[in-house]
Amino acid sequence: MRILFYLVVLGIIIFLLREIFARDGKRPKLPKSPFRFKKKNIREMWVQVYDTDSLEEAQALQARLEEEELDCFIYEQGRKDIHGNPLKGFGIAVPRTSVSHAQKVISRMPT
């Protein structure tokens, strides 16, 4: 019985080792994600292209810009400017190289 047990264990080990070395170090391809996880270049100059009081409006615009494959982010503005005037709530910024394209997309959006 012991010999049979050791032969089964040895067979499993050989099978697993053979599978590992048969891959030649290649991993199976994973399906591409529809979402892009690209690191934004923080040293690049970003420009505000839109501001709004509504977070929902800002998120809708962000989604539309990302559909056009434009990098953008939403930020919350401060409460008052240096003169004491209240600011609108949220801004959307894009890289300087994408400003004209982003403005065209924004101008085509329904209000």
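Helices and strands are here DSSP runs, numbered from the N terminus. With that in hand, a short tour of one stretch of this predicted model can begin at helix 2 (55-67) and the loop between this helix and strand 2 (73-76).

Salt bridges offer a welcoming starting point. Side chains of opposite charge can pair when their charged atoms come close. Across the whole structure, a search finds two salt bridges. In one, the side chain of Arg64 meets that of Glu67, with an N to O distance of 3.5 Å. Arg64 and Glu67 both lie in helix 2, three residues apart, so about one helical turn separates them. Arg64 also forms a salt bridge with Glu68, and here the closest N and O atoms are 3.0 Å apart. Through these shared partners, Arg64, Glu67 and Glu68 are joined into one network.

The members of this network can also be described by their accessibility. Arg64 is partly exposed, at 26% relative accessibility, and Glu68 is likewise partly exposed, at 27%. Glu67, at 59%, counts as exposed, because the cut-off for that class is over 50%.

Glu69 brings the tour into the loop between helix 2 and strand 2. Its backbone deserves a look: the phi of Glu69 is near 60°, a positive value in a residue other than glycine. Most residues other than glycine have a negative phi. Glu69 is exposed as well, with a relative accessible area of 61%.

Key. Residues are numbered from 1 along each chain as its sequence is written. This is a predicted model: local features need pLDDT of at least 70, side-chain atom pairs count only at pLDDT 80 or more; totals for chains, interfaces and linings use all residues. Side-chain values use heavy atoms; hydrogens and water are left out. Helices (H or I, at least four residues) and strands (E, at least two) are DSSP runs, numbered from the N terminus. Buried means under 20% relative accessible area, exposed over 50%, partly exposed in between (1.4 Å probe, protein chains only). A salt bridge is a side-chain nitrogen of Lys or Arg within 4 Å of a carboxyl oxygen of Asp or Glu.
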